[in-house]
Amino acid sequence: MKLRKSEHNLASSFNRAEQMSILSRREKHLGNGQKYFYEKPLHIVKGEDVWLIDDRGKRFLDVYNNVAHVGHANPRVTEAITKQSNALNTNTRYLHENVVRLAERLAATTEDLNVAYFCCSGSEANDLAVQLAKAHTKHQGCIVLSNAYHGNTTEIFQLSPEDCPKEHRKGWVKTIPGPKGFLEDQSAYIQGLKEEVEDLIDSGHGVACFIADSIFSSDGIYEIPKDFLKSIYQEIRSQGGVVIADEVQSGFGRLGQQMWGYQDDAVVPDILTMGKPMGNGHPVSALLTHREMVESLDQAYNGNSYFNTFGGNPVSAAAALSVLDILEEDNLIEEARQVGNYLKKQLKKTLEDNESVVEIRGKGLFLGIELDAPSKTAKAMEDMMNRGVLVGKTGPINSVIKLRPPMTFKREHADLLVDKIGQCLGAIS
Ligand SMILES: Cc1ncc(COP(=O)(O)O)c(C=O)c1O
C-alpha cells in the first residue's frame, strides 16, 4: 500500500520517537548504554543475507558484521536451530551425536588438533586456552601483540592491550609490536621478543604462551608476513611455552583458501580458538588442542575437568554444523578468495590517486583501508552509513577502515561498496 506524504511523516516521527525511547531507556539500564555506532544510532529491525534493514525500511549493505558468516537470517541455519530446539536442548553431561560430530568435523580442518572444548564466546575459549597453557607449562607469563584484543574475562582483559590500560597490566603480561614492526626490521623484532621472554623468566613468571589473532585486526589488519608466526612460535617453544592461534575473527575461511588464518604461515599452533561466526549469530565457540594439554589441565585441577553449562549443547552444535555444511555446499571459502581478490583490486584501482589513503591491506573478505588521519576514518564510517553501507574502523589509532562482510558477499556487492567508498573518500580528502 502506498503511503500519502502526511502518513509518511507520521510513520517517521513515530519511528523517531520510538528510537529515542529505546535510546534513553538503554542509557538508563544498560551497563554499556552509551556504546553504539554512529552519532544517531541505527535501529536495525531485520537482516537478509548481506543486507540490514532499519525501522524505516532503509537497506544497508553490511560490510562489517562477520558474525552472520553465511548471511543474516540464513534459513538453513534457522531451520537447523529450530529443528533441534523442538527436539531437545541439554548439556554435555549426556551423550549427544551433534557435539561429537562437530568436534570430529572441526578436528578434520586442522593438521593434528583433535580434541575440542565448547564454550559460548570467544573470550571464554581464549580464557580456557590460557588456563590450558598455564596448566601445561606450569608457567604464568603470556606474550601478546601491542594492540591485541582477545576478550573480556578478568584474565583475557589483561591480554587485550587495546582495551586494558597499561597501568592496569600485570607483570605476567608482555607485549611485542604488531606485524608492521616485523616487516620493518625482522632481526630487531626477534631481538625485542627475546628481551620480553627473558624479562618473564627473570621475574619468575616463565613463558606460558603467546597468543595472536591471525589477521591482526586490532593491530591494523595485516596478512601474516612470511615466517612471522614461524619465528615467534620457535622462540616461545624454545622456552617451554605454547602457542595459541586466536581465529575468532579470522577463522572459518574468511581469509579465503584455508579454513584457518594461521595456515597461511605453514605453522601449527598448540591451541586454536574460534567463536563469532561459528553459529552465524548463535552464541557458540570452541577450542581445539592435543590430548596431552587436556590431561595437564585435569591434573592441575585434581581431576576436575572443565565444564560449561551451555557450551556444546545440541542446539548450538546444530547451528555450528549447519554453518560448516553451508560453507562446503556453497563453496564459500573459495568464493571469499575470489571476491576478496576482486574487491582488493578494485579498491586499489579506484583509490590509487586518493591522497588520504596510506595502504590497502588484508586478505579474502577481511580488508583494511588505512587513512592518514583517524578523524577521516571516523568521518568515512559515518558518511558510508548515510550512503547505505556499513563499515567499521580499527587499528592502534583507529585509522583503518575495516571491511569484513558476511561470506555471501558477491562481486555485485563489491562493486556497490567500491563505488560508494570512492565517492565518500573523494569527498573527505
Ligand atoms: C580476535 C578476537 N578474539 C576474541 C574476541 C572475543 O570474543 P567474544 O566477544 O565472543 O567474547 C574477539 C571479539 O571481538 C576478537 O576479535
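Helix α4 (residues 122-137) gives the largest share of the shell around the ligand, three residues. Keep in mind that this is a predicted model. Beyond the ligand shell, there are two domains to look at, domain 1 (23-73 + 331-428) and domain 2 (75-329), plus a nonpolar core whose largest example runs to 117 residues.

**Around the ligand**
- There are 15 residues around the ligand, and the ones that come nearest are Ser121, Gly122, Ser123, Gly151 and Val248.
- What is the make-up of the shell, split into nonpolar, polar and charged? Ten of its residues are polar, three are charged and two are nonpolar.

**How the two domains meet**
- Domain 1 comes in two stretches, 23-73 and 331-428, while domain 2 covers 75-329.
- Taken over C-alpha atoms, the centres of domain 1 and domain 2 are 25 Å apart.
- Domain 1 puts 25 residues into the contact, and domain 2 puts in 27 residues.
- On the domain 1 side, at least two residues each come from α11 (332-351), β11 (357-363), β12 (366-371) and β15 (400-403).
- Helix α11 has the largest share of that side, with five residues.
- As for chemistry, the side of domain 1 that touches domain 2 has twelve nonpolar, eight polar and five charged residues.

**The nonpolar core**
- In the largest nonpolar core, with its 117 residues, the most contacts inside the core belong to Cys142, Cys209, Ile244, Ala286 and Leu287.
- Helix α10 is the top contributor here, giving ten residues to this core.
- Why does this core lie between domain 1 and domain 2? Both domains give residues to the core, so it ends up between them.
- As general background, nonpolar side chains in soluble globular proteins tend to be buried together.
- For a closer look, take Ala286: leaving out residues up to four places away in sequence, Ala286 touches Leu106, Ala116, Tyr117, Phe118, Cys119, Ala125, Met274 and Met278.

**Helix α3, one face in and one face out**
- Which residues of α3 (residues 97-107) are buried? They are Asn98, Val99, Leu102 and Leu106.
- Looking down the axis of α3, these buried residues fall within an arc of 95°, so they line one face of the helix.
- Glu97 and Glu104 sit on the other side of α3 and are exposed.
- The cover over the buried residues of α3 includes β4 (115-119), β10 (285-289) and α10 (314-329).
- One of those buried residues, Leu106, turns up again among the residues that Ala286 touches.

Key
Residues numbered from 1 in each chain as written. Predicted model: local features only at pLDDT ≥ 70, side-chain atom pairs only at ≥ 80, totals over all residues. Buried ≥ 20, exposed ≤ 12 C-beta atoms within 10 Å, placed from the backbone. Helix = DSSP H or I, 4+ residues; strand = E, 2+ residues; numbered from the N terminus. Arc of directions from axis to C-beta. Contact = placed C-beta atoms within 7 Å. Near = placed C-beta within 6 Å. Nonpolar A, V, L, I, M, F, W, Y, C, P; charged D, E, K, R; others polar. Domains from an automatic or database assignment. Core = buried A, V, L, I, M, F, W, Y, C linked by C-beta atoms within 7 Å.
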